[in-house]
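Here's a quick walk through one model, going from charged pairs to strands and their surroundings. Have the viewer open and follow along.

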Amino acid sequence: LRGSLSGRGMRATYIPATFAAAQVTGVRQFFAQNGYVEYVQAEKMMIEKPKTFLSKELGAKGHALKSCYVSQNLVDQVDASCEEAVGTDSWVCCTPLLPSGMTPTDVASVVALCECAKDAKKAVVMNDCYVVSRGFLQRCVEHVQA
């Protein structure tokens, strides 16, 4: 029976190759369907060191955050919403654009990955999850001064 041993001596654990393949398949399918995988969910699938495992298995398809691994497609969707807000002199809260299981730290990390949020001449990131256009801020200032 093909497989691998992890650990040493009396604490070594045998992992059948079919089980390991099923783990990888399950994670890849979940990631493809949802655009992210929480490390807690990966641990429930008996994956040790989920952050390292997901970074190795999914590589350039996403980004390792504090509590989950998020797809580049999800980041691109958030970036598109930010671009639209900046283009229309408006604002957007990025929290509802992302899966509900993501922590505020993860939301802030996704916003930081967005190209639109990096351009300080066009937009300002407030409270780690709001992307506000400079035009909108200017209109607010003018309204208050009037």
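## Charged pairs

Let's start with Glu57, which counts as partly exposed because its relative accessibility is 22%. Keep in mind that we're looking at a predicted model. Glu57 makes a salt bridge with Arg28, and the closest N and O atoms of the pair are 3.1 Å apart. Glu57 sits in helix H3 (residues 50-58) and Arg28 in helix H1 (residues 17-34), so this salt bridge ties together parts that are 29 residues apart in sequence. Arg28 is partly exposed too, with 33% relative accessibility.

How many salt bridges does the structure hold? There are two. Besides the Glu57 pair, there's a salt bridge between the side chains of Lys118 and Glu115, at 3.4 Å from N to O. Here the partners are three residues apart in helix H6 (residues 115-118), which means about one helical turn separates them. Both Lys118 and Glu115 are exposed.

## Thr25 in helix H1

Back in helix H1, have a look at Thr25. A polar atom of the Thr25 side chain lies 2.9 Å from the backbone oxygen of Ala21. As for accessibility, Thr25 comes out at 41%, so it counts as partly exposed.

## Strand E5 and its partners

Strand E5 (residues 68-71) pairs with two strands we can look at in turn. Strand E3 (residues 36-38) pairs with E5 in the antiparallel sense, over three bridges, and Glu38 stands opposite Cys68 in E5. Strand E4 (residues 62-64) also runs antiparallel to E5, again joined by three bridges. Ala64 has Tyr69 of E5 as its bridge partner, and E4 and E5 form a hairpin with three residues between them.

Which way do the E5 side chains point? Cys68 and Val70 go one way, while Tyr69 and Ser71 go the other, and all of them are buried. In a regular strand, side chains alternate between the two faces of the sheet.

## A closer look at Ser71

Ser71 belongs to strand E5. Its relative accessible area is 6%, so Ser71 is buried; the cut-off for that label is under 20%. What does Ser71 touch, leaving aside its neighbours within four places in sequence? Its contacts there are Phe31, Gly35, Lys61 and Gly62. There's also a polar link: a polar atom of the Ser71 side chain lies 3.1 Å from the backbone nitrogen of Leu74.

## The E6-E8-E7 sheet

Further along the chain, three strands make an open, antiparallel sheet in the order E6-E8-E7. Strands E6 (91-93) and E7 (123-126) stand at the edges with a single partner strand each, so one side of each has no neighbour in the sheet. From one strand to the next, the twist averages 15°.

E6 and strand E8 (residues 130-133) run antiparallel and are joined by three bridges. In that pairing, Val92 stands opposite Val131 in E8. And what packs on this sheet? Helix H7 (residues 134-145) does, touching E6, E7 and E8, with its direction making about 70° with that of E8.

Note on methods:
Residues numbered from 1 in each chain as written. Predicted model: local features only at pLDDT ≥ 70, side-chain atom pairs only at ≥ 80, totals over all residues. Heavy atoms only, no water. Salt bridge = Lys/Arg side-chain N within 4 Å of Asp/Glu carboxyl O. Helix = DSSP H or I, 4+ residues; strand = E, 2+ residues; numbered from the N terminus. Buried < 20%, exposed > 50% of the residue type's maximum accessible area, 1.4 Å probe, protein only. Pairing = 2+ DSSP bridges. Axes fitted to C-alpha atoms, helices over the stretch in contact; angles between N-to-C directions. Contact = heavy atoms within 4.5 Å. Polar contact = N/O pair within 3.5 Å; in protein donor to acceptor, adjacent residues only side chain to side chain.
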